[in-house]
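Student: Could you walk me through this one? I'd like to know where the labels come from.

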Amino acid sequence: MDLIQKIKINSKKIVSWAGTLLMVASLVFLGRRLFSYQADFEISSLITSTVIIGLVLVTLFEGFGILLASFNFRALVKNVSGFLVDRPLAMVVYTVSNLYKYIPGGVMYVAGRHRLAVETEALSHSKVALSTVLEGIIIAFAAIVLIIVTVFDHAAEYLRYVELPTAVVVVLIAVVVIAGSVLFSLRKKIADKMQKLFEHMRVLSPLVLLKRFGFGLILMTLWGGTFLATLMVMGQPLTPSQVPTVIGLFLLSWLAGFLTPGAPSGLGIREVVILMFMGGILNEEILLSAMIMHRIVAAVGDVTAYGIAIGYAKLKQKAVNI
């Protein structure tokens, strides 16, 4: 065995150990998160056997959504690099790195995906990084489109009764003007950067991007639907016109948490946005209970997705040591 092969084997072992430690850290932080919710159970007298069964089903849908996201990321990596990663490896790496989001800092779940490049010689770290950036842009754009479609009327009605202080309006205008001036002054550099970026994306045709965007719409609708289902399981009656509004407002809260740096899994940000926009149209007690339960459902769904991915890898006799 030559020196280069020994180095590759040792580097994989180091990454494997690091992945194991991160996995343990993720479970510790996740356990602390779930433990912190136990006091909040006192606010809800809505838990029955029927509710538990419903929440179990929602948890399975949450896990299913994460697995679908892993398939989408695997396809995106192929679109960017031209190399198709083994499905078991892609599922395990994606689902375990998804658990890293519970580690404070909000960056480890992104770094964890680079295990794909470590395990696959034909795949570079830059391609994995580019795939991660594109995934974030695509799902954020999909969320924005769904938000605009589902809550435009609600937002217009809400803003009609909101009086912004003059100082806030002035600050917003100043921010827009300054941002526009900066972007205009950097337009050449931005154009050069975009040109270099698209040189690395030759394999991404408009049709492929449209397909990935369509998949993003499905994923975001599914995630919004799990919160809707949690609300209904907890006993919140909804009219047909409220269904898209609830999904859209949840996606707005998700987007706010997604764009907030340093917040583990958008902790705290989503709840503020949900209470701000849904508190006036839904039963507040049920809404608070649903928010807590959906956090728990999402966390358990993340672990469930990882367990399914590990089981699938073993079934396919693919040794993925993470």
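Tutor: Sure, let's take the labels one at a time. This is a predicted model, where local features need pLDDT of at least 70, side-chain atom pairs count only at pLDDT 80 or more, and totals for chains, interfaces and linings use all residues. Residues are numbered from 1 along each chain as its sequence is written, and side-chain values use heavy atoms, leaving out hydrogens and water.

Student: What makes K101 and D302 a salt bridge?

Tutor: A salt bridge needs a side-chain nitrogen of Lys or Arg within 4 Å of a carboxyl oxygen of Asp or Glu. The closest N and O atoms of K101 and D302 are 3.2 Å apart, so the pair fits the definition.

Student: Why is K101 called buried?

Tutor: Buried means under 20% relative accessible area, exposed over 50%, and partly exposed in between (1.4 Å probe, protein chains only). K101 has 17%, so the label is buried. D302, at 2%, counts as buried too.

Student: And why is E119 called partly exposed?

Tutor: E119 has 28% relative accessibility, so it gets the in-between label. E119 meets R115 in a salt bridge at 2.6 Å, N to O, and R115 is buried at 7%.

Student: How do you know that E135 and R113 form a salt bridge?

Tutor: Their closest N and O atoms are 2.5 Å apart, so they pass the cut-off. Both partners are buried: E135 has 6% and R113 has 5%.
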